[in-house]
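Me: I should like to understand how the terms used for a protein structure follow from their definitions. May I put some questions about the one shown here?

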Amino acid sequence: EYIVYMGALQGAGTSAMVDHHNLLLTAIGDERTARESKIYTYRKSFNGFVARLLPHEVQSLSAEKRVVSVFPNTVRKLHTTRTWDFLGMSETLNTPSPVDDEGHGTHTSSTVAGVFVKDASLYGLGTGTARGGVPSARIAMYKVCWVNGCSDSDVLAAFDEAIADGVDLISASMGGPSRSFFEDPIAIGSFHAMKKGILTSCSAGNDGPATSTVENVAPWIMTVAASGIDRQYRTVATLGNGENLSGISINTFSPQKMMYPLTSGALAANASELYGNASACDFGTLDKNKVMGKIVYCLGSNGQDYTIKRTGGAGAIMSLEEEIDTADSTVIPGTSIFPGDSKMIEQYINSNKNPQAVIQKTITINVSAPFLASFSSRGPQKINLNILKPDISAPGIDILAAYSSLPTITGNPNDDRHAIFNIISGTSMACPHASAAAVYVKSFHPDWSPAAVKSALMTTATPMKIIDADAKLGSGSGQINPTQAVNPGLIYDISTSDYISFLCKEGYNHTTIGLIVGGTENIDCTEFKPAQGTDGLNYPTMHTRLDSNSMIISATFYRTVTNVGYATSVYTSKVTSPGGLLVKVIPETLKFSKLNENQSFTVEVKGNLEPFGGKLLSALLEWSDSKYNVKNHIVILRPVAD
């Protein structure tokens with residue numbers, strides 16, 4: 001299957017369905033085959049269709065002047081951190097209705113606009129009053145994800161419907177590998193949403209801490225990373241000798257006995273099984289007779305609680321190979337202990353004739369926050385070298401929100417626990433927090449553009465408390481601060497015309513841009529104000545990526561800010577930068593005499609780098625008057641050579 005994207009809706013004349021059929025007929029050459037090949041037509045908010053095509057038919061359609069792109073109908077995934085798919089245990093329900101039989105949609109939508117619910121919890125964990133960020137908002141849900149994932153064609157269909165329905169914001173907690181803007185369904189849908197004044201908020205992905213993993217990177221999207229809040233869930237395993245090992249998990253089970261027999265995967269190995277690693281409790285490697293009724297210690301932390309449950313065990317203690325910050329629900333009493341405690345439990349098991357342990361119910365502890373989630377995808381992005389992504393961070397670790405009672409709380413069909421609230425993690429959970437914040441800002445400023453709302457959230461964000469070099473590539477401008485964003489002082493606005501200039505600078509041809517923007521065959525880039533500077537866009541952050549062998553830093557950023565603070569105000573610039581990086585702001589002072597007045601400035605970034613190796617330099621430009629402080633992050637990256 002392929003998606004044939006044709007840009008904006010055409011004017012009056014031939015209907016879209018007839019036009020699409022004629023295109024297919026030309027490419028295929030047979031009336032009946034052409035008619036049967038088409039699967040779906042987009043005709044409410046943009047122009048295109050989905051069809052079954054052979055390679056030569058794809059080439060023929062791609063050559064058509066009225067076609068922007070033809071790309072495979074691939075599958076995207078939800079951005080939660082744990083799935084049972086790796087065990088071959090996808091839910092067998094593909095319900096052909098809007099019902100949420102997975103839980104993800106209920107969780108994310110209630111995070112945005114759930115009503116107040118007192119004493120909400122997951123089996124007593126996270127107890128408190130649950131509510132969405134904007135409980136008075138109304139939600140329209142479009143189901144695009146099924147057993148096999150979220151197909152590009154369904155994602156585009158949802159955008160087509162939502163834009164036509166007149167929504168104010170689109171929140172999409174899903175993604176896939178980055179592709180060029182107009183071969184990416186989320187980038188396409190969000191562009192047409194932007195033209196209608198609708199901001200699209202998207203999750204950044206869960207492939208961190210690796211760099212260059214961020215998804216949903218189009219500049220008209222608000223790309224959301226996951227941050228941690230000041231509460232974490234910990235689960236203690238107490239050994240028979242009184243030692244307490246603090247681990248991380250969501251364990252809803254209270255112990256039924258003071259102590260349980262304890263063994264390890266190595267000691268409980270099935271001697272007749274030649275494949276797999278018993279020490280890691282691989283499926284099929286354990287002897288049921290040696291596991292039954294016991295807590296089992298396993299090397300690694302890869303969902304072995306399911307294996308131990310299947311083998312008749314009473315609990316699972318898993319060992320982490322590195323520190324993590326995300327707790328997953330276990331199907332039996334279970335915890336993942338931190339690397340430093342592995343030796344202790346191994347020595348205890350191997351030096352005692354009758355080792356014992358008990359796994360306590362999960363508790364909460366306070367931690368320093370905000371910080372970037374270890375799983376949250378990092379930049380730099382792969383599509384544009386000069387736009388920093390993600391844009392912003394929002395809470396995405398161990399989030400309690402409403403849940404569908406149809407699936408189990410783990411997604412494991414052999415789990416018997418169902419709940420109307422659940423604790424899960426992912427940039428999927430961060431995205432609706434940022435979406436709610438955007439709706440909150442928009443409620444105060446209904447006339448603001450999508451870019452203005454995003455700018456307000458970015459320039460008022462709270463800095464991360466714990467940050468390293470890679471985290472600077474993953475946290476964007478910081479964690480959302482909705483109440484501050486309502487009054488940002490200055491905003492960086494971007495119009496559709498600005499995006500056209502940006503696309504011209506990026507090398508898109510006149511015909512393509514004409515189809516995308518207006519359904520016409522041509523747009524003359526010379527008729528638009530040229531995109532200036534290193535990035536060519538009035539973005540709230542400033543970023544450039546150098547060649548891996550570059551030693552000279554030289555970048556220029558042109559920016560225009562709009563006064564939304566005091567009518568008469570004077571903003572003074574302040575730059576905080578590391579040694580070796582010179583940041584010059586021209587002019588250093590901006591004077592405003594009325595609201596909604598624009599003032600422009602230039603930022604010149606220069607410096608020298610020592611040869612060889614990756615390098616990241618970050619600076620902060622702040623514009624301040626007597627009340628407002630507008631933060632603009634500057635990030636310069638020289639990647640390690642491939």
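Reply: A disulfide is a pair of cysteine sulfur atoms within 2.5 Å. This is a predicted model, in which local features need pLDDT of at least 70 and side-chain atom pairs count only at pLDDT 80 or more, while totals for chains, interfaces and linings use all residues. Residues are numbered from 1 along each chain as its sequence is written, and side-chain values use heavy atoms, with hydrogens and water left out.

Me: What makes C145 and C150 a disulfide?

Reply: Their sulfur atoms lie 2.0 Å apart, and the limit is 2.5 Å. The torsion about this S-S bond is about 100°, so the disulfide is right-handed.

Me: Why is C145 called buried or exposed?

Reply: Buried means under 20% relative accessible area, exposed over 50%, and partly exposed in between (1.4 Å probe, protein chains only). C145 has 19% relative accessibility and therefore counts as buried. C150, with a relative accessible area of 1%, is buried.

Me: Why is the disulfide of C281 and C298 called left-handed or right-handed?

Reply: The torsion about its S-S bond is about -90°, so this disulfide is left-handed. C281 lies in the loop between β16 (260-264) and α7 (288-291) and C298 in strand β17 (residues 295-298), so the pair ties together parts that are 17 residues apart in sequence. Helices (H or I, at least four residues) and strands (E, at least two) are DSSP runs, numbered from the N terminus.

Me: Why is there no bond between C202 and C431?

Reply: The sulfur of C202 is 6.1 Å from that of C431, its closest cysteine sulfur, which is too far for a bond. C431 is in no disulfide. At 0% relative accessibility, C202 counts as buried, and C431, also at 0%, counts as buried.

Me: What makes D152 and R76 a salt bridge?

Reply: A salt bridge is a side-chain nitrogen of Lys or Arg within 4 Å of a carboxyl oxygen of Asp or Glu. The N to O distance for D152 and R76 is 2.8 Å, so the pair meets the definition. D152 lies in helix α5 (residues 152-165) and R76 in strand β5 (residues 75-78), so the pair ties together parts that are 76 residues apart in sequence.

Me: Why is K615 called partly exposed?

Reply: Its relative accessibility is 29%, and K615 therefore counts as partly exposed. E610, with which K615 forms a salt bridge at 4.0 Å, N to O, counts as partly exposed at 45%.
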